[in-house]
Amino acid sequence: MVMSYFQPETETMPVSEIKKLQSEKLVRQVRHVYKNCAPYRAKMDEAGVSPEDIRGIEDLHKLPFITKADLRDNYPYGLLSVPKSECVRIHSTSGTTGRRVVAFYTQHDIDLWEDCCARALAAAGATSEDICQIAYGFGLFTGGAGLNGGSHKLGCMTLPMSSGNTERQIQFMNDLGTTVLCCTPSYAAYLAENMRERGEAENPLRIGIFGAEPWTEEMRRSIEDALNIRAYDIYGLTELSGPGVAFECCEQHGMHINEDHFIAEIIDPETGEVLPEGSKGELVFTSLDKEAFPLLRYRTRDICILSRKQCSCGRTFIRMTKPMGRSDDMLIIRGVNVFPSQIETVLLNNGYTPNYQIVVDRVNNTDTFDIMVEMNEDHFTDTVSGVTAQEKKLASAMKMMLGINPGIHMVAPHSITRSEGKAVRVVDKRKLLSDSQWKG
Ligand code: ADP
Ligand code: ZN
């Protein structure tokens, strides 16, 4: 039997009912945070909004936004909205250097999160007959735990492999007959490449659930061809639970947002104004059911478009495009969060000027990451070995700071174009979603 929904009644609920449900949950959630979370109370008081002012989703815009800065300011326990004794789990983002976000879960929170992941698996066509290999990382990262829980709920035989150890991944996949692979798209591409190099033309896979980082339609096609599977996108963030906030269905055209648990808005990142459906802007989420770590109007910094257009899969949940970029300066390179400010810090600590340019591209489905750095008088050398030594030293300092290895290219002093306005520090040549690929 092909079961395409995990919770059919919810997933195909008429839009008017979804909105009614969201309104009821919003009123309850606002009361919960106001009562149990001092920083929220202070924020709402400051904005002059009381819980009584929020009578439904039409009042959502009255609430202040919450940002990653609020999360950092209240690290670690400030935004926890239940007693610690009610929490059963902590996860954290992969962000480095003090930018870590810690999120808390009650058993109920975990349960609903796993439902979301089970919906994603079912939407991709997985059933209890499937053998599901979870090659997302396990640990503080949400990818492994989320999909593992979802796979259990759907009744798949689940292999909690975690990421890495490619040889063993492929061996288990073949020996056990894995039919569903869950991992980042870059790891899927790597596995495919590895299998090709071994001359393995066949594999037992039929479905891939790939997400947690940006990837293109071109990359999807290439992975689908290489592995002979259908590949589906999944989106989420630790702050809201993890993967499964939104997921693709058989249409492979935008991700359905689990609207019974999350309200999505699109805002103008400059003014904060709420934009009408179909506009491109920053995605903002309100979590309606989270007990331990509820976020109201959380600014994701992800830029995308929402569409209510009816989907052939029968789901009524609104769809989002894959993130088309970020409204802050964070780059996600090979799955790792990189801030230009971190690069600047390394340069300054090593006696360079902050004249640099980051160039990111995608070649053969892998991100390339290069940093052009100006030599200055102190470092000037015109021997090849001198330049190479400097590049090597900086590359290892960058690796320490960022967790990934950039190509460092020393360039002559004053050769990087100075700008009068905002410096162009980042040249991102990756094209994630061209406008012609989104039909609403
Ligand atoms: P970590 O930092 O540990 O990778 P986060 O939860 O902070 O985990 O990552 C969330 C961010 O990852 C999102 O805000 C988004 O920018 C990106 N992301 C997640 N899923 C996708 C996806 N399917 N496509 C593109 N970007 C994604
Ligand atoms: Zn659909």
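Trainee: Which residues does proline 39 touch, not counting residues up to four places away in sequence?

Mentor: This is a predicted model, so read each contact as a feature of the prediction. Proline 39 touches Asn74, Gly78 and Leu79 once those sequence neighbours are set aside. The proline lies in helix H3, residues 38-47.

Trainee: Is proline 39 buried, exposed or partly exposed?

Mentor: Look at the relative accessible area: under 20% is buried and over 50% is exposed. Proline 39 has 22%, so it is partly exposed. Separation along the chain is another thing to look at: proline 39 and isoleucine 18 are 21 residues apart in sequence, and their C-alpha atoms are 29 Å apart in space.

Trainee: Let's try a loop. Where is threonine 238 found, and what is it in contact with?

Mentor: Threonine 238 is in the loop between strand E7 (230-237) and strand E8 (242-248). Its relative accessibility is 7%, so it counts as buried. Leaving aside neighbours within four places in sequence, its contacts are His91, Ser92, Thr93, Ala103, Tyr105 and Thr142.

Trainee: Now helices. What should helix H8 span, at 1.5 Å a residue?

Mentor: The expected span is 1.5 Å times one less than the number of residues. Helix H8 covers residues 185-197, 13 in number, so it should span 18 Å; the end C-alpha atoms are 18 Å apart, which agrees.

Trainee: Which residues of H8 are buried, and what do they pack against?

Mentor: The buried ones are Pro185, Tyr187, Ala188, Ala189, Leu191, Ala192, Asn194 and Met195. They pack against helix H7 (166-177), strand E5 (180-183), strand E6 (207-211) and helix H9 (217-227). Just after H8, check the backbone too: glycine 199 takes a positive phi of about 75°.

Trainee: On to the metal. Which protein atoms are the donors of the zinc ion (ligand 2)?

Mentor: They are Cys249 (SG), His256 (NE2), Cys311 (SG) and Cys313 (SG), at 2.1 to 2.3 Å from the zinc ion. Along the chain, these donors follow the spacing C-x6-H-x54-C-x1-C. The pair of histidine 256 and cysteine 313 links distant parts of the chain, 57 residues apart: histidine 256 sits in strand E9 (residues 255-257), and cysteine 313 in the loop between strand E12 (298-307) and strand E13 (319-320). Histidine 256 is buried at a relative accessible area of 0%, and cysteine 313 is buried at 11%.

Trainee: What is the geometry of the zinc site?

Mentor: Start from the ideal: four tetrahedral donors have angles of 109.5 degrees at a metal. Here the 4 donor atoms make angles of 102 to 113°, and the site is tetrahedral.

Trainee: Finally, empty space. How many cavities of 30 Å³ or more does the structure hold?

Mentor: There are 2. The largest cavity holds about 80 Å³ of space. Its lining includes Asp109, Trp113, His261, Phe262 and Lys290. Helix H5 (residues 107-123) gives the largest share of that lining, 4 residues.

Trainee: And which residues lie nearest the centre of the second largest pocket?

Mentor: Of the 18 residues in its lining, those are Lys19, Ile263, Ala264, Glu265 and Arg308. About 400 Å³ of space lies in this pocket. Helix H2 (15-36) and strand E10 (262-267) each supply at least two lining residues, and E10 gives the most, with 4.

Conventions
Residues numbered from 1 in each chain as written. Chains lettered and ligands numbered in written order. Predicted model: local features only at pLDDT ≥ 70, side-chain atom pairs only at ≥ 80, totals over all residues. Heavy atoms only, no water. Donors = N, O, S within 2.8 Å, 3.2 Å for Na, K, Ca; no water. Tetrahedral: all angles 85-135°; square planar, octahedral: opposite > 155°, others 65-115°. Buried < 20%, exposed > 50% of the residue type's maximum accessible area, 1.4 Å probe, protein only. Contact = heavy atoms within 4.5 Å. 1 Å grid on protein atoms, 1.4 Å probe; cavity = no way out; pocket = protein on both sides within 12 Å on 5 of 7 lines; lining within 4 Å. Points joined across faces, edges and corners; volume = space filled by probe spheres on them.
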